[in-house]
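Please open the model in your viewer and keep the sequence panel beside it, since this tour moves from one selection to the next. At each stop, select what is named before reading on.

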Amino acid sequence: MRADRLVSLVLLLRQRGRLTADTLARELEVSTRTVLRDIEALSAAGVPVYAERGRNGGFALLPGFRTELTGLNHDEALALLTAGSGRGEQVFGLGSALASAMRKVTDALPESHRATASDAARRFLVEPETDLLSRRPIPEEVAGATMTEIRRAVLAGHRLRIRYAATDQAPQWRTVDPIGLVTVRDRSYLLATRSGADRTYRLSRVLDAEELSEPARRPDQVDLDRAWRERCAQFLSGDHIAVLVRVAPQRREDLMSSAVAVRAAAPDPDGRLRLRLEVTYQDLRHAEWALWQLGTDAEALAPGALRTALRDRATALASLYGDGV
């Protein structure tokens, strides 16, 4: 909305001082022409914004101007700034809203606490791109317009039409009753029901979405954490096989990408420079194929049937090539 954008524009000028129209346009994700129109609107409303010409020119506010926003104490602002310093911009298409909220949080602080809280927040790093063991998986992307439709339907309690590309199937339209959104390990999911049955949709596979005006058929209250645990338990209790694997850190992503799910991950307790992961595969044949691709960079610790299958395969290969031609 334009009113929110005007507030964000004022906050940017208050916190950073003089800024060019191009810089403001990038921050607000609008065109330069829109920024100029907004500047005119602010001036007409009595906000003391002025332009400075020249090479180092731009727009600025008269010194001492302050917007009227609800104040926060130091720890409250620090908590919000720290939460917003992670990877929230990638969650559910709320990047612009998060940036705007962080500007308002900073501006809401008393002058004496503003710099202190901002500096303190920079001392905390939440969910960085890399960890000490290996690079994190690349987050899955969802088109902005699609994510907006899904988010609106979830919050408004409306039914939702999605064009979904299930594994090994052509994309199909389906109408669902959305319950909530979940993000875990850089993957996001829509929890919903379809014809009364529980369904979980991976958002990266939703190619298009349309919020309907019809109310969703769902309970008024929901325990999303409990619902997610139940979905996970149901999924993992099927015909899948749980596998305990010792893997080289540089091959962790390869292992995770081939698995249906990752249930646990930790450094190897034997003290080796390896990781120990508990992963789920579709069946024994799938697990054998996936671990064979990793060669000596991975060792299946359990179940015994998988170790036997891999040993027999290796023995057969060694026998084939052992005597030469």
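Among contacts in the chain between residues at least 6 apart in sequence, what percentage join residues at least 24 apart? For this predicted model, the share is 62%. With the whole chain still displayed, colour it by secondary structure, and you should find 11 helices and 11 strands. Of the 325 residues in the chain, 37% are buried.

**First stop: helices H2 and H3**

Select residues 21–28, which form helix H2, together with residues 32–44, which form helix H3; the axes of the two helices come within 8 Å and cross at roughly 100 degrees. That crossing angle makes H2 roughly perpendicular to H3. To see what makes the contact, show side chains for Ala21, Asp22, Leu24 and Ala25 on H2, and for Thr32, Val35 and Leu36 on H3. Sorted by class, this contact of H2 with H3 comprises 5 nonpolar, 1 polar and 1 charged residues.

Now move to Glu29, which sits in the loop between H2 and H3. Although Glu29 is not a glycine, its phi is positive, at about 60 degrees. For comparison, most residues other than glycine have a negative phi. Is Glu29 buried or exposed? Its relative accessibility is 58%, and because exposed means over 50%, Glu29 counts as exposed.

**Second stop: strands S5 and S6**

Select strand S5 (187–194) and the loop between S5 and S6, where you will find Ser195. Ser195 also has a positive phi in a residue other than glycine, here near 55 degrees. With 75% relative accessibility, Ser195 counts as exposed.

Next, pick Arg187, which lies in strand S5, and Arg202, which belongs to strand S6 (residues 197–202). How far apart are Arg187 and Arg202 in sequence and in space? They are separated by 15 residues in sequence and by 7.6 Å from C-alpha to C-alpha. Arg202, at 17% relative accessibility, counts as buried, whereas Arg187 is partly exposed, with a relative accessible area of 29%.

Display the surroundings of each arginine in turn, leaving aside residues up to four places away in sequence. Arg202 touches Glu140, Tyr164, Arg187, Ser188 and Tyr189. Arg187, for its part, touches Glu140, Val182 and Arg202, so Glu140 appears in the contact lists of both arginines.

**Third stop: the approach to helix H11, and the helix**

Centre the view on Pro303, in the loop between S11 and H11. The peptide bond that joins Ala302 and Pro303 is cis, with omega at about 5 degrees. As a general point of reference, most peptide bonds are trans.

From there, extend the selection to residues 304–322, which are helix H11; its 19 residues reach 26 Å from the first C-alpha to the last, close to the 27 Å expected at 1.5 Å a residue. Which residues of H11 are buried? They are Leu306, Ala309 and Leu310. If you look down the axis of H11, these buried residues fall within an arc of 95 degrees, so they line one face of the helix.

Rotate to the face of H11 turned away from its buried side, and you will meet the exposed residues Arg311, Ser319 and Gly322. Finally, turn back to the buried residues of H11 and show what covers them, which includes strand S8 (241–247), helix H10 (284–292) and strand S11 (298–302).

Terms used. Residues numbered from 1 in each chain as written. Predicted model: local features only at pLDDT ≥ 70, side-chain atom pairs only at ≥ 80, totals over all residues. Heavy atoms only, no water. Helix = DSSP H or I, 4+ residues; strand = E, 2+ residues; numbered from the N terminus. Expected span 1.5 Å × (residues − 1). Buried < 20%, exposed > 50% of the residue type's maximum accessible area, 1.4 Å probe, protein only. Arc of directions from axis to C-beta. Contact = heavy atoms within 4.5 Å. Axes fitted to C-alpha atoms, helices over the stretch in contact; angles between N-to-C directions. Parallel < 35°, antiparallel > 145°, perpendicular 65-115°, else oblique. Nonpolar A, V, L, I, M, F, W, Y, C, P; charged D, E, K, R; others polar.
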